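Reader: I would like to go through this model by question and answer. Where should we start?

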Amino acid sequence: MRPFLLTVSLFLVASAATLDDSDLLKARDHQDRAALAKLASESRAEAEKQPSDAAASYRLALAESYSAEVAIELHDKGAAKEAAQTGMDAANKAVNLKPDSAEYQRILGTLCGQMISSNTLAGLKYGKCALDSVDKAIQLDPKSSMAYLSHGVGNYYLPQALGGGIDLAIKDFRKAIELNPKNADAWLWLGVALRRSNQPAEAQKAFAKSLEINPNRVWARQQLEKTPGS
């Protein structure tokens, strides 16, 4: 496992009466920052009312991570950092309340990685958090497609000289797909990695598969359109 883990992709969410999963996913898919901000505000209010409820803190962390994800896609590093910091605080609380939850550990690692995305030097501060949390998530749930996706995105951003690299990222993305062939985000990131490794035809196939599973994902369509030969 590697430091400086960065993930910008989330797919599975916990059911919640106070946070409509379909609305959250729809906002993420359409890069609707106003809707994401509203949902995050609602989940923040719920978490404040239930300070001992790990699930409520997790839902806030998840909403903020989606907000950070879209900000990263739109190259808004300041907004990504702000959302990731708020989400990380909530995720830490969820993990402290329920440390044996693989998903809570994964979302914490994801948010630590998103903090790094705003400034690579932040890896010195948040790299260990990202590493330890995603490691723990895989230990708790070795069949988690999303944990391997998170690890793959980390390898994608980590230089080969530091133990990461595209080949390792592709391996992780393929493992995530093996565990869950309907993980649209794993197909999306496999396409990104294949394109970077000068395999545009294979990248196009991966993007097309991602869009077949989730045709509403704006970022996936953008990646397909910018791939040579598309």
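Author: Start with a term: a residue is buried when its relative accessible area is under 20%, and exposed when that area is over 50%. The model is a predicted one.

Reader: Is Gln 31 buried or exposed?

Author: Gln 31 lies in the loop between α1 and α2. Its relative accessibility is 14%. The limit for buried is under 20%, so Gln 31 counts as buried.

Reader: What is the phi of Gln 31?

Author: Most residues other than glycine have a negative phi. Gln 31 is not a glycine, yet its phi is positive, near 55 degrees.

Reader: Asn 198 also has a positive phi. Is Asn 198 buried or exposed?

Author: Asn 198 lies in the loop between α9 and α10 (200-213), and its phi is about 65 degrees. The relative accessible area is 67%. Exposed means over 50%, so Asn 198 is exposed.

Reader: Which helix supplies the largest share of the largest nonpolar core?

Author: This core has 32 residues, and Leu 24, Met 88, Ile 107 and Leu 111 have the most contacts inside it. At least two residues come from each of α1 (21-29), α2 (33-49), α3 (54-73), α4 (77-97), α5 (102-117) and α6 (123-140). The largest share, 10 residues, comes from α3.

Reader: Which residues does Leu 111 contact, leaving aside neighbours within four places in sequence?

Author: Leu 111 is among the residues with the most contacts inside the largest core. With those sequence neighbours left out, its contacts are Ala 61, Ser 65, Ala 84, Gly 87, Met 88 and Ala 91.

Reader: How many residues are in the other core, the one with Tyr 148 and Trp 187?

Author: That core lies apart from the largest one, and Ala 186 and Leu 188 are also among its members. It has 28 residues.

Reader: How far apart in sequence are the parts that Tyr 58 and Tyr 104 tie together?

Author: Tyr 58 and Tyr 104 form a stacked aromatic pair, with 5.0 Å centre to centre and 25 degrees between the planes. Both residues are buried. Tyr 58 belongs to helix α3 and Tyr 104 to helix α5, so the parts tied together are separated in sequence by 46 residues.

Reader: Which residues form an aromatic cluster?

Author: Phe 173 and Trp 189 make a tilted pair, 6.3 Å centre to centre and 40 degrees between the planes. Phe 173 is in helix α8 (residues 166-179) and Trp 189 in helix α9 (residues 184-196). Phe 173 is buried at 0% relative accessibility, and Trp 189 is buried at 1%. The one cluster is formed by Phe 173, Trp 189 and Trp 219.

Reader: Over which ring does the charged end of Lys 175 sit?

Author: The charged end is 5.9 Å from the ring centre. The limit for such a placement is within 6 Å. The ring is that of Tyr 148.

Reader: Which residues are linked in a network of salt bridges?

Author: The whole structure has 14 salt bridges. Asp 29 bridges Arg 28, with the closest N and O atoms 2.8 Å apart, and Asp 185 bridges Arg 217 at 2.7 Å. Asp 185 lies in helix α9 and Arg 217 in the loop between α10 and α11 (218-225), so the latter pair ties together parts 32 residues apart in sequence. The network links Arg 28, Asp 29, Glu 69, Glu 73, Asp 185 and Arg 217.

Notes:
Residues numbered from 1 in each chain as written. Predicted model: local features only at pLDDT ≥ 70, side-chain atom pairs only at ≥ 80, totals over all residues. Heavy atoms only, no water. Core = buried A, V, L, I, M, F, W, Y, C linked by side-chain atoms within 4.5 Å. Buried < 20%, exposed > 50% of the residue type's maximum accessible area, 1.4 Å probe, protein only. Helix = DSSP H or I, 4+ residues; strand = E, 2+ residues; numbered from the N terminus. Contact = heavy atoms within 4.5 Å. Phe/Tyr/Trp six-rings, centres within 6.5 Å; stacked < 30°, edge-to-face > 60°. Lys NZ or Arg CZ within 6 Å of the ring centre and 35° of its normal. Salt bridge = Lys/Arg side-chain N within 4 Å of Asp/Glu carboxyl O.
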